[in-house]
Structures are given as C-alpha cells and as structure tokens.
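Please look through the sequence and the structure shown below before you read on. The briefing that follows begins with a single position and then turns to cysteines and to the chain as a whole.

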Amino acid sequence: MNSGNTEHIKQIAILGSTGSIGTQALEVISEHPEEFQVYALTANNQVELLIKQAKKYQPEIVVIANTDYLPRLREALKDLPIKIYAGADAIEQVCESGPIDIVLTAMVGYSGLRPTLRAIKAGKSIALANKETMVVAGEIINELAHKHQVAILPVDSEHSAIFQCLEYANPLEKIILTASGGPFRKFSLEELRTVGREQALKHPNWAMGAKITIDSASMMNKGFEVIEAKWLFGLRPEQIEVVVHPQSIVHSMVQFRDGSIKAQLGLPDMKLPILYALTYPRRLETHYPRLDITQIASLEFEKPDLKKFRNLALAFTAMDEGGNMPCILNAANEVAVEAFLHDRIAFLQMSDLLEYTMDKAEFIKRPDYEAYTCSDQQARRIAQAYLDKLS
Ligand code: MN
C-alpha cells in the first residue's frame with residue numbers, strides 16, 4: 001500500500017542522465033510515476049541516448065554540455081514541447097528552475113561542483129552521486145547547504161548504508177566503510193605493475209562507468225568515499241575505517257558509543273540507494289530481487305593493503321592535511337585515469353603522479369571557491385607536465 005504523500009509529485013533533475021547512475025535513476029523514477037516526474041535531463045556527449053531518454057520520459061528541459069550536438073538535439077526533438085539548451089552554463093541555470101525538488105548529481109568528476117553549488121543556493125535538495133563534489137569542496141558545500149537549509153542525500157551505496165544505519169540512533173563512534181577490493185584484491189605488487197586497461201575495467205561486483213571503475217580498481221574510489229563520508233557525516237579522520245569485503249553485501253556499518261554495530265545489507269544494486277535518496281525518509285515497496293542470506297556461503301572482511309593500494313593511503317593523507325589537498329588529489333587523479341585509459345601510464349604510475357602533484361601544487365589551508373578553481377587548474381597542469389616528461 002502506498003502510505004505516501006500523494007498531493008505532490010517530486011520533480012527531479014538528473015545531471016548526467018546518460019551515465020550508469022543516471023540511467024538507473026530513470027528506471028527507478030519510471031517505476032514510481034505516482035512519486036516522481038523527470039523535469040530535466042542533462043548529458044555531456046551522449047546525444048543519441050539523451051534523445052531516446054527525452055522521448056521516453058518527456059522532461060520539460062534537456063541540456064547537452066557539448067554545444068556541437070545542439071543542432072542534432074534540436075532536430076531530433078523538434079516535434080516535442082521540450083526546451084533544449086546547450087553548454088555548461090545552461091546546466092547550472094537549469095538546476096535553479098522553480099519546479100525542481102531534487103537535483104540528482106550523477107555527472108563525472110570536478111564538473112559536478114558548480115551545478116551543485118547553484119542547486120543548493122536555489123534551495124534544491126541534492127541527491128549526491130557525484131562524490132568528487134564533496135571531495136573537492138565538502139566544506140563549502142556543507143556551509144551552503146546549512147545556510148540554505150538544503151538536504152544532501154547520499155546516493156553512493158556505502159554512504160546510503162551509513163545514512164540508513166544512523167536513523168533514530170545516537171551519535172556514532174566511527175563508521176566502517178566497506179570496499180569490494182576491486183579486481184586486483186589478490187594481486188601482488190609485482191602483478192599490479194603490469195595490469196592493463198581491459199583488466200582494470202572489469203569490476204567483479206558493480207557495473208559502472210569507466211572513470212569510477214578505474215578508481216575502484218586503484219581504490220581511489222574508496223579514498224574519495226572516505227573524504228565524502230567525512231563531510232557528509234561530520235566525522236574526524238580517526239572515525240573512518242575502511243575494510244575490504246569482497247562480497248559487497250554489507251554496504252557499510254556504523255559503530256555507536258556503546259560498541260554496538262549496525263550494518264545495512266543488500267544485493268549490489270544501485271537502484272536501492274538511488275530510490276532511498278529520492279524518497280527519504282520514506283521507504284517504498286519495490287520488486288527488486290531480494291537477498292537470500294542463506295545463499296551466501298560467507299562474508300569476509302580484511303584490512304586493506306595500503307602498500308598495494310597507495311591511492312587509498314594518499315586520500316587519508318589529503319584528508320588529514322585538509323584545505324585544498326583533496327581538490328589537488330582529485331584533479332591529479334582525473335588526469336591520471338585519463339592517461340591510464342589511453343595507455344600513457346601504467347597502473348601503479350597513477351599513484352606516482354598523484355604523489356608528485358600533491359607535493360608540487362601550492363597548499364592552501366583555507367581555500368575559498370576561487371582558490372579551489374585555481375588549485376584544480378594548477379594541479380592539472382602539474383600532472384600534465386609530469387606525464388609529458390614521461391613520454
Ligand atoms: Mn560507492
């Protein structure tokens with residue numbers, strides 16, 4: 001039975017609708033037409049998929065970031081009453097549209113920061129799937145969200161798990177963030193030296209976009225999630241522990257002051273955290289496959305190997321140093337992943353590049369928004385120069 005509020009259908013904007021989270025969010029939304037409507041869709045380059053989505057979901061607005069595709073988008077949708085825009089500025093403006101209730105930020109990387117800031121300033125709830133926004137500028141995001149009384153609802157499965165464990169609960173002692181360990185969990189350092197792009201793109205448990213799949217293989221993703229958790233849940237660094245849990249059934253845990261631990265479990269499917277971010281604090285009935293706990297032979301947990309997965313250690317370093325250091329790390333990592341995907345550097349060299357950039361970029365203890373922009377650009381230049389020297 002639907003126990004919910006039926007007088008208001010939530011209007012959703014999906015930034016990055018053609019990506020993995022975006023497409024799954026559209027499925028979730030279409031499964032609950034009594035709850036949600038798609039108000040706006042934005043994409044970077046995948047114009048054909050965006051056209052298909054626009055025809056199917058009939059949003060008010062679609063935006064393509066790459067302006068080269070504007071004519072194609074206009075032509076394809078000319079018979080529909082859909083407003084069509086192009087460019088990064090248009091994406092930011094769309095976030096402010098009056099009827100939107102929730103902005104789901106599912107784009108990749110640093111590009112999520114500005115639109116998220118604009119959406120918060122316009123008083124929109126944020127369903128946060130773009131973790132880089134929190135990694136780069138969590139402090140500013142939190143201040144703004146507080147000022148504008150805006151909720152930041154986590155979509156990342158681990159953070160959704162923690163969020164769910166925290167309901168009606170006392171202050172936590174620490175969180176235990178689970179990590180699948182990725183495809184290279186059992187590889188030796190020697191074996192990691194020669195892994196290639198194709199191997200790294202095969203994640204054992206989760207189907208995701210290329211950037212986050214590489215970040216998962218290197219455990220950079222887990223490092224970013226540590227920083228994301230710090231800002232989402234107001235934690236001190238020592239309150240965040242990472243454990244490798246290869247089955248990806250326990251999505252994360254919270255330990256309370258009396259030592260009790262709560263965990264959230266489920267099959268590895270992003271639809272559940274997406275749905276919960278959109279309906280919080282309610283839970284809707286779903287027909288998603290159920291976890292049969294008797295079918296799971298065992299649940300394993302082990303400490304991560306920080307010598308093999310240096311990116312995770314670098315994320316802890318960046319979090320401890322604070323200021324613009326996570327922003328520098330994120331920028332260097334975007335350059336590193338791009339280079340790895342183009343066979344310009346080896347898997348382990350990505351960590352060298354991050355370390356080098358963190359060392360060379362100017363450290364700023366209390367950055368404002370402009371300082372983040374400068375740091376991001378400076379770190380990319382430093383990382384690029386390092387790459388150019390290699391080749
Ligand atoms: Mn995650």
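In this predicted model, Pro-237 has its place in the loop that lies between helix H11, residues 220-233, and strand E9, residues 240-244. With a relative accessibility of 23%, Pro-237 counts as partly exposed, because buried is kept for values under 20% and exposed for values over 50%.

**Surroundings of Pro-237**

- Leaving aside residues up to four places away in sequence, Pro-237 touches Met-319 and Asp-320.
- Pro-237 and Phe-316 are 79 residues apart along the chain, and yet their C-alpha atoms are separated by 7.7 Å.

**Cysteines and disulfides**

- How many disulfides does a search of the whole structure find? The search finds zero disulfides, and Cys-327, for its part, has as its nearest cysteine sulfur that of Cys-374, which is 9.8 Å away.
- Seen from the other side, Cys-374 is likewise in no disulfide, and the nearest cysteine sulfur to it is that of Cys-327, at 9.8 Å. A disulfide would require the two sulfur atoms to be within 2.5 Å, so a pair at a distance of 9.8 Å does not count as one.
- Is Cys-327 buried or exposed? Cys-327 is buried, since its relative accessible area is 0%, whereas Cys-374 counts as partly exposed, with a relative accessibility of 48%.

**Fold and dimensions of the chain**

- The chain contains 16 helices and eleven strands, and along its principal axes the C-alpha trace spans about 55 × 50 × 40 Å.
- A compact globule with 391 residues would have a radius of gyration near 21 Å, and the chain has 21 Å, so the value agrees with what a compact globule would give.
- Among the contacts in the chain with a separation of 6 or more, 69% are accounted for by residues that are 24 or more positions apart.

**Burial, surface and charge**

- Of the 391 residues in the chain, 56% are buried, and Cys-327, with its relative accessible area of 0%, is one of the buried residues.
- The accessible surface of the chain comes to about 17500 Å², and 51% of this surface belongs to carbon and sulfur atoms.
- The chain has 41 positive and 49 negative charges, and the mean position of the positive charges is 1 Å apart from the mean position of the negative charges.

Conventions:
Residues numbered from 1 in each chain as written. Predicted model: local features only at pLDDT ≥ 70, side-chain atom pairs only at ≥ 80, totals over all residues. Heavy atoms only, no water. Helix = DSSP H or I, 4+ residues; strand = E, 2+ residues; numbered from the N terminus. Rg over C-alpha atoms; globule rule 2.2 N^0.38 Å. Buried < 20%, exposed > 50% of the residue type's maximum accessible area, 1.4 Å probe, protein only. Contact = heavy atoms within 4.5 Å. Areas by Shrake-Rupley, 256 points an atom, 1.4 Å probe, with all protein chains shown as cover. Lys, Arg positive; Asp, Glu negative; His and termini not counted. Charge placed at Lys NZ, Arg CZ, Asp CG, Glu CD.
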